[in-house]
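Work through the following exercises with the sequence and the model at hand, and try each task before reading its solution.

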Amino acid sequence: MIQIKNIQKGFSGKSVIEGVSSEFETGKCNLIIGASGSGKTVLMKCLVGLITPDSGEIIYDGENFSLMSQDQLKIMRRKIGMLFQGSALFDSMTVEKNIFFPLDMFSNETKGEKQKRVDEVLDRVNLNGAHKKFPAEISGGMKKRVGIARAIILNPKYLFCDEPNSGLDPQTSLVIDKLIKEITIEYNITTVINTHDMNSVMEIGDRIMYMYQGKKEWEGTNKEIIFSKSEKLNSFIFASEFLQDAKDMRMLESKGKIDQNRDMEKLMGE
Amino acid sequence: MNIFTKLGQFLLMLKGMFTKPENFKIYWKELMHQCVELGIGSLGIVSIISVFIGAVSTLQTSYQFISPIIPRSVIAQIVRDSVILEFAPTITCIVLAGVVGSKISSELGNMRVSEQIDALEIMGINTKAYLILPKILAALITIPLLVVIAMALGIWGGRMIGDITNILPHEIYDKGLHETFVPYNVTFALTKAYSFAFIITAIPAYFGYNVRGGALEIGRASTTSVVTSCVMILLADYVLATILL
């Protein structure tokens, strides 16, 4: 579990994150959602130590990340895997070498054992046969999968994904979401995902934190989000008329006041 | 950001490079890779420049020596000393500042912008030690060697053009090379080569590593790093000449 307590961060006198506190549970997909510029990427960078917060505490399973020395941080970071928005693959290396790299750097296993592990992980993300390709030769979805494979190669306890669906088509987005969800459960890791993809929220969001202008505005599950009273959250999530209609239907349906088939026909007719 | 802030950041970057490597074997591999990239990769351009500089030096010195009192072998002495003292270390390194400097700066800048440096940091790797130190060490190993090669090729270029144009037969040229040779000049040239090698890798590394933004900023960082490196080379050249000669 990761706990954050009263995180504050500002740049050049402008506050970007204001007193955000939350908990990210193990074995679950914890989503941070919010509009562009709401501070979710800065918060994630604070969580992984790429940015030092001005104040507040970040606690990884009882260990205070904020108070760790450089050496302790190095060890801690080996328990962290991260999937970047642009995948951040090393473009001078093949797919296989990208995944080999953390193993070569930190593992004392034999070459055969490392190769076996790389093959297993590539197989897990359905990338068999892409071993010798360079990042420039593969699609955006494949890059994300290579990024996930690299993030999990060292069996991390914590997985961070920054906008895993950005630039992907809806179908590929679902594949990536499903993969992240499965990996979270399979490896029993704490997964934190930054997204503004509503499919992800509904499909894999076990815990969701909504950020608005650097503050935590709402927190709950993907079941609860439909019934949220927060106007800011509602206008963010159900931004389009279509989604607003879908929400209304879901609410009526849950109250037993609607026949789904009949209403769908009505909606289609309109 | 003022110059003192930048200087402070630069010194902190240098300090940050010196930590225990996470895996010595990988660092060694990276060092060898950089030696090939920076050293072997620059051999072609250094060779061409050196031969032509030596050749042009012979032609121009000969053109200015019209007095029959001065022996022709003096031309070889002048070419030798000019090449060893100035052309081989300084001109070679100014060219390398463009070739190597822009490469380092844009490579690191691109890694920064595409979050590859962040990815390495997340893995628990000291990116300053892994990305910058091997480049500086590789330059300290290969650039003095390139300068020695540049000296030899520059002097050979002068000898060759003397023969081809019949301005200075190689017998006289060789005689001149052996006259009044001061071995300290080579030491001085190598001191310059080591200093310049540090400048043309550390400065572009600083600008590349600290890029913020996108493609435009990478280009700007590359240009700034080359300009700053060239100015620093000339400044260091003056300071070293004042102190050591």
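**Exercise 1: The end of a long helix**

Directly after H3(B) comes Glu115(B), whose phi is positive, near 65°. The model is predicted, so local features need pLDDT of at least 70 and side-chain atom pairs count only at pLDDT 80 or more, while totals for chains, interfaces and linings use all residues. Residues are numbered from 1 along each chain as its sequence is written, and chains are lettered from A and ligands numbered from 1 in the order in which they are written.

Task: Compare the span of helix H3 of chain B with its expected span, and find where the helix is kinked.

Solution: Begin with the residue range, since helices (H or I, at least four residues) and strands (E, at least two) are DSSP runs numbered from the N terminus. Helix H3 of chain B covers residues 73–113, which makes 41 residues. The expected span is 1.5 Å times one less than the number of residues, and for this helix that gives 60 Å. The end C-alpha atoms are 56 Å apart, which agrees with the expectation. Next, look for the kink: H3(B) bends by about 50°, centred on Val83(B), where the bend is the angle between axes fitted to the seven residues ending at a residue and the seven starting there.

**Exercise 2: The setting of Phe181(B)**

Task: Locate Phe181(B) among the helices of chain B, and decide whether Phe181(B) is buried, partly exposed or exposed.

Solution: Chain B has eight helices and zero strands, and Phe181(B) lies in the loop between helix H6 (170–178) and helix H7 (184–209). A residue is buried if 20 or more other C-beta atoms, placed from the backbone, lie within 10 Å of its own, exposed if 12 or fewer, and partly exposed in between. Phe181(B) has 13 other C-beta atoms within 10 Å and is therefore partly exposed. The C-alpha atom of Phe181(B) is separated by 7.9 Å from that of Gln77(B), although these residues are 104 residues apart along the chain. For the chain as a whole, 40% of the 245 residues of chain B count as buried.

**Exercise 3: A sheet in chain A**

Task: Give the strand order of the open four-stranded sheet in chain A, and explain why S2 and S5 stand at the edges.

Solution: The order is S2-S1-S4-S5, with antiparallel pairing, and two strands pair if DSSP finds at least two bridges between them. Strand S2 (14–24) and strand S5 (63–64) each have a single partner strand, so one side of each is left without a neighbour in the sheet. Strand S1 (residues 2–11) is joined to S2(A) by seven bridges, including those that pair Gly10(A) with Ser15(A) and Ile7(A) with Val20(A). The hairpin of S1(A) and S2(A) has two residues between the strands, and there Ser12(A) takes a positive phi near 50°.

**Exercise 4: Where the chains meet**

Task: Describe the side of chain B that touches chain A by its elements and by its residue classes.

Solution: Contact requires C-beta atoms, placed from the backbone, within 7 Å, and by this rule 13 residues of chain B are in contact with 15 residues of chain A. Helix H4 (residues 116–122) of chain B supplies the largest share of the chain B side, with five residues. By class, that side has five nonpolar, four polar and four charged residues, where Ala, Val, Leu, Ile, Met, Phe, Trp, Tyr, Cys and Pro count as nonpolar, Asp, Glu, Lys and Arg as charged, and the others, Gly among them, as polar.

Conventions:
Two residues are in contact if their C-beta atoms, placed from the backbone, lie within 7 Å.
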